[in-house]
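Me: Could you take a close look at one part of this model for me, the loop that runs into the third strand together with whatever surrounds it? I'd enjoy a connected walk through the details.

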Amino acid sequence: MLVVQETAEMPDFYANGEYDLSGFAVGIVKKDSVIDGRDIVAGDVLIGLPSSGVHSNGFSLVRRVVTRSGLSPKDKLLGEDVTLGEALMAPTVIYVKQVLEIIRKGGIKGIAHITGGGFRDNIPRVNSWEVPTVFKWIQEAGNIEDAEMRRTFNMGIGMVLVVSKEASSRILESGNGDYKAYRIGEVVSDGVTYH
């Protein structure tokens, strides 16, 4: 059984005596179906699955930026048809259906869910896709350096799959039904490069 634990740091959020109750999910996988990354080799391709926004990461920083910006959650996000509040509170994508559909196509060697720690702690990277407006706003309004943005946020990619080159063609060319996926890089002998 795979057990994963995550603890959120949320300074200045709860008053004394308040607490948060969270839910979780448990699943099982047959031993011969475990995707553990041991077969990843140079030439494998990184496929990014888009996030719906900040998901549940970096909200202490987001709250500080919103407070300093003077904007209300009801104000429109510049260049978008949604309010700042709607963009920040967009529900987290649950990737299970999309990932299972892709796994059925074969060739998946590794999976990284981009959560707390952003890409820096999950996968080293540069932006090779269009970063959603909400992240651009957070960075500009908060005067946040690129490195801090990458350390804190998913920057628009919530899940990364490492797949064989052959599988990448099947996954990207045949489409993913209602889902989007992007080729964002590849494994090289000394790490990862991004396109």
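Reply: Happy to. Read along the sequence, the protein chain follows the pattern β-α-α-α-β-α-α-α-β-α-β-β, which amounts to seven helices and five strands. Please keep in mind that this is a predicted model. Of the 195 residues in the protein chain, 35% are buried. Among contacts between residues at least 6 apart in sequence, 80% join residues at least 24 apart. The part you asked about offers examples of such pairings.

Let's start in the loop between helix H6 (146-152) and S3, where Asn154 is found. Asn154 counts as buried, at 1% relative accessibility. Its side chain has two polar contacts to describe. A polar atom of the Asn154 side chain lies 3.0 Å from the backbone oxygen of Gly53. The side chain of Asn154 also reaches the backbone nitrogen of Gly156, at 2.7 Å.

Met155 belongs to the loop between H6 and S3 as well. Met155 is buried at 3% relative accessibility, and its phi is positive, about 55 degrees, although Met155 is not a glycine. For context, most residues other than glycine have a negative phi. Asn143 provides a second case: its phi is near 50 degrees, again a positive value in a residue other than glycine. Asn143 sits in the loop between H5 and H6 and, at 70% relative accessibility, counts as exposed. The two residues thus share the sign of phi, while Met155 is buried and Asn143 is exposed.

Moving on into strand S3, we come to Gly158. Gly158 is buried, with a relative accessible area of 0%. Leaving aside neighbours within four places in sequence, Gly158 is in contact with Leu49, Pro50, Ser51, His55, Tyr95, Ala112, His113 and Ile114. Gly158 and Val54 are 104 residues apart in sequence, yet their C-alpha atoms are 9.0 Å apart in space.

Those partners lead us back to the loop between S1 and H1, where Ser52 has its place. Ser52 is partly exposed, with a relative accessible area of 32%. Not counting residues up to four places away in sequence, Ser52 touches Ala90, Pro91, Thr92 and Val93. With Pro91 there is a polar contact: the backbone oxygen of Pro91 lies 2.5 Å from a polar atom of the Ser52 side chain. Ser52 and Pro132 are 80 residues apart in sequence and 8.9 Å apart in space, C-alpha to C-alpha.

Pro132 also helps to place Glu80, which lies in the loop between H1 and helix H2 (84-88). The C-alpha atoms of Glu80 and Pro132 are separated by 9.9 Å, with their positions 52 residues apart along the chain. Glu80 is partly exposed, with a relative accessible area of 35%. The side chain of Glu80 makes a polar contact with the side chain of Thr133, at 2.6 Å.

Thr133 takes us to the pairing of helix H1 (residues 59-69) with helix H5 (residues 133-142), whose axes come within 9 Å and cross at roughly 65 degrees. H1 passes H5 in a left-handed crossing. From H1, the contact uses Val62, Val65, Val66 and Ser69, and from H5 it uses Trp137, Ile138, Ala141 and Gly142. By class, this contact has six nonpolar, two polar and no charged residues.

Finally, let's return to S3 and look at the helix that packs against it. The buried residues of helix H7 (residues 165-173) are Ala167, Ser168 and Ile171. They lie on the same side of H7, because they cover an arc of only 105 degrees around the axis. This fits a broader pattern: an α-helix has 3.6 residues a turn, so residues three or four places apart point the same way. The buried residues of H7 pack against strand S3 (157-163), and also against strand S1 (45-50), helix H3 (96-105), strand S2 (108-113) and strand S4 (182-188). On the other side of H7, Glu166 and Glu173 are exposed.

Note on methods
Residues are numbered from 1 along each chain as its sequence is written. Side-chain values use heavy atoms; hydrogens and water are left out. Buried means under 20% relative accessible area, exposed over 50%, partly exposed in between (1.4 Å probe, protein chains only). Helices (H or I, at least four residues) and strands (E, at least two) are DSSP runs, numbered from the N terminus. The arc is that of the directions from the helix axis to the C-beta atoms. Contact means heavy atoms within 4.5 Å. Axes are lines fitted to C-alpha atoms, for helices over the stretch in contact, and angles run from 0 to 180 degrees between N-to-C directions. A crossing is left-handed if the near helix is turned anticlockwise from the far one by less than a right angle, and right-handed if clockwise. Ala, Val, Leu, Ile, Met, Phe, Trp, Tyr, Cys and Pro count as nonpolar, Asp, Glu, Lys and Arg as charged, and the others, Gly among them, as polar. A polar contact is a pair of N or O atoms within 3.5 Å; within protein, one must be able to donate a hydrogen and the other to accept it, and residues adjacent in sequence count only if both atoms are side-chain atoms.
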